[in-house]
Amino acid sequence: MKLSNGETNDSVEGNLPKNGADDGTNIKGKDEEEIPIRLDSENKPDDQGELEQCSENEIKDGQIADNEDSTAEIPENIQILSPDTHMPEISDNTEISPQSSHVQNEEKIAVTSDGHLQIIKPLSQLPKPEAPPGLAPSPTPKEDGVVLNRSKSLSESLAVDMPSIGKFIKERSNSLSASIANRLSSLRNGSNSHEDDEETKNKMKTGDSDVTEFNISGLKVIVRLKNEDEFKGRISFFSRSNCRDCTAVRSFFRQKGLKFVEINIDVFPQREQELIERTGSSQVPQIFFNDKLFGGLVALNSLRNSGIFDQRLKEMLGSKCSGDAPAAPVYGFDDPEEESMDEMVEIVRVLRQRLPIQDRVMKLKIVKNCFAGSQMVEVLIQQLDCGRKKAVEIGKRLARKHFIHHVFGDNDFEDGNHFYRFLEHQPFIPKCYNFRGSTNDSEPKSAIKIGQKLNKIMSAILEFYASDDRFHVDYASISRSEEFRRYVNLVEDLHRVDLLELSTDEKLSFFLNLYNAMAIHAVIRLGCPEGVIDRSSFNSDFQYIVGGSAYSLNTIKNGILRNNRRSPYSLVKPLGAGDKRLQMALPKVNPLIHFGLCNGTRSSPTVRFFTAQGVEAELKYAAREFFQRSGMEVDLEKRTVHLTRIIKWFSVDFGQEREILKWSINYLDATKAGLLTHLLGDGGPVNIVYQNYDWSINS
């Protein structure tokens, strides 16, 4: 190979690949087509190779075809010419490397009239691309001041130094971090002046701009500036469920944007003793700034009205919270003193081990996991050393406490060829979401106390994880809360609870609250289905064990609260004849229940919980709120009343349409009541249009 000074570079020829691969014979500049060329070693009169273009069938996968001479030599008439006076000089870093099949540094190749190849260097003023750090080729040997680059085989050209790649990625990440830091330091609005820089910095320091947003190389970076006035301490206060003063304190802190820790002693009763020790009484609310007692709602109002609340807050929360401050509620266990083992548990444990539990065929059905009454009597006689009559009496007590049940519900317990199951073997158990591996064998608690505690826990959950108007519920936060974990523990006490001790009002409030709580639990576990068809299975499949029987949302609403009436679009009643759950059905249907039940959709009434003492008044308030919000609209000009679709679905509970309008006047505001009274009193026709129902979740 000849250089511009006329010398021949034999070292280049000697290092050409000998496997016939296209190693550097395809020359391609940036944004140019790839020009395949062939070096023909065929002898010519002047003993030089000839440069000619290869045909398409001679190129296979970017390489010269195998029928070419595998020992092609560089013809002597291909020379690297010296640059002319208008071209930049060839520097030491000039490189012609075949390993990348590209001419480095944007070099161009031209063919002169005499058949020589000429390398045209870019202007020296133009920026030259550089290889990433760590990937630059190693220095090449020099001969007479000219850099010589040895050709490489394909395997060598593909070899990459892996540590160099890691170094390259690290340097790139450092460059990105540096650019972000530089961008932050140079933020300004529209001007590059030094004054604008100072103004931006001052603005960032004073907190006039809470969030700064900018883009760097397609990467969106959001910087939240730290507020120098941020409080280092902690606000905490003790509260109870359904307390107006506690609600006022909570609302005030939320309006001020202050974070606080609430300790509800109805949910965490073991903390009540701590409240008494700190304040000397169990009265709530009691507010603490760090470990210092601030007072109740009266002290908060006086400080707020005097206008020095913020100053006092900074003084008391200027330091970090000490270990003496009230601790936030954490994972724990319910009060152990309330738990007591049932006196019949030891007998039940013996029966579970001794009885031959088998699958049997009865009434053309396969009955699984059952045993005969006579078998249980024999085991009791042997284990307790008692007579047969006493053994039968013990069996009836076990049935009343819901440890065992007749497979078809025919009787409580009888000696003979009658078959029974333990509660945990009932076929509905897999669908019950308050069953976690085993039944609750503790002494059954009072249904009244369970209902009261359920009301307090769920009210506390809504106060903290729902909007003030209860239109929106944060189901995700509820599922992660300690309050909800306590609720899940509570509903296990429903397994063998005695519901027959409840009065009518207690039964009404108990099942209203249970329905609303189960709906929240169902949305958390199953999601909220949209549409009537999908919701049908939602209402039937999610169940609880209550008093030894399975209760779904459909069973509670239509079987218990509506006295076993068919649900919309259903042809059968929820409870069949002889079902023991019929004993719990309310004797009379109260249409107000439809405004106290929330199924987790936007068009349903707001979620609330009721007390046994004031359930009737609370239902009337719920109906009044629903009608005033969106349950009814009156168009006087068109003589049309827009009613909620709930009334259409359950029209059998409300009566005829005109009777419904008269009944609803009692729950409307003065304006709507006056318009509706006018329409009903002038003798003209009144059109009723039912509103569309929004099945989307109320989150």
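Which residues are exposed on the other side of helix 8? The first close-up takes that up, and every view here comes from a predicted model.

**View 1. Helix 8 has a buried side and an exposed side.** Gln311 and Glu315 are the exposed pair. On the other face sit Phe309, Leu313 and Met316, which are buried. These three span an arc of only 70° around the axis, so they end up on the same side of the helix. As for packing partners, the buried residues of helix 8 sit against strand 12, helix 5, strand 14, strand 15 and helix 7.

**View 2. The largest nonpolar core counts 83 residues.** Tyr487, Leu499, Phe511, Leu514 and Leu643 make the most contacts inside it. Helix 15 (residues 504-526) chips in 11 residues, the largest share. Domain 3 (447-619) and domain 4 (623-690) both contribute, so this core lies between them. Zoom in on Leu499 and, beyond its neighbours within four places in sequence, you'll find contacts with Ala447, Phe510, Phe511, Val546, Tyr551 and Met584.

**View 3. Asp266 and Arg240 form a salt bridge.** Their closest N and O atoms are 3.2 Å apart. Asp266 is in the loop between strand 13 and helix 6, while Arg240 is in the loop between strand 12 and helix 5. Asp266 has 11% relative accessible area, so it's buried; Arg240, at 24%, is partly exposed. Glu272 joins these two in a salt-bridge network.

**View 4. Asp412 pairs with Lys580 in a salt bridge.** Again, the closest N and O atoms are 3.2 Å apart, yet the partners are 168 residues apart in the chain. Asp412 is partly exposed at 42% relative accessibility, and Lys580 is partly exposed at 38%.

Definitions and conventions: Residues are numbered from 1 along each chain as its sequence is written. This is a predicted model: local features need pLDDT of at least 70, side-chain atom pairs count only at pLDDT 80 or more; totals for chains, interfaces and linings use all residues. Side-chain values use heavy atoms; hydrogens and water are left out. A nonpolar core is a set of buried Ala, Val, Leu, Ile, Met, Phe, Trp, Tyr and Cys residues joined through side-chain atoms within 4.5 Å. Buried means under 20% relative accessible area, exposed over 50%, partly exposed in between (1.4 Å probe, protein chains only). Helices (H or I, at least four residues) and strands (E, at least two) are DSSP runs, numbered from the N terminus. Domain bounds come from an automatic or database domain assignment. Contact means heavy atoms within 4.5 Å. The arc is that of the directions from the helix axis to the C-beta atoms. A salt bridge is a side-chain nitrogen of Lys or Arg within 4 Å of a carboxyl oxygen of Asp or Glu.
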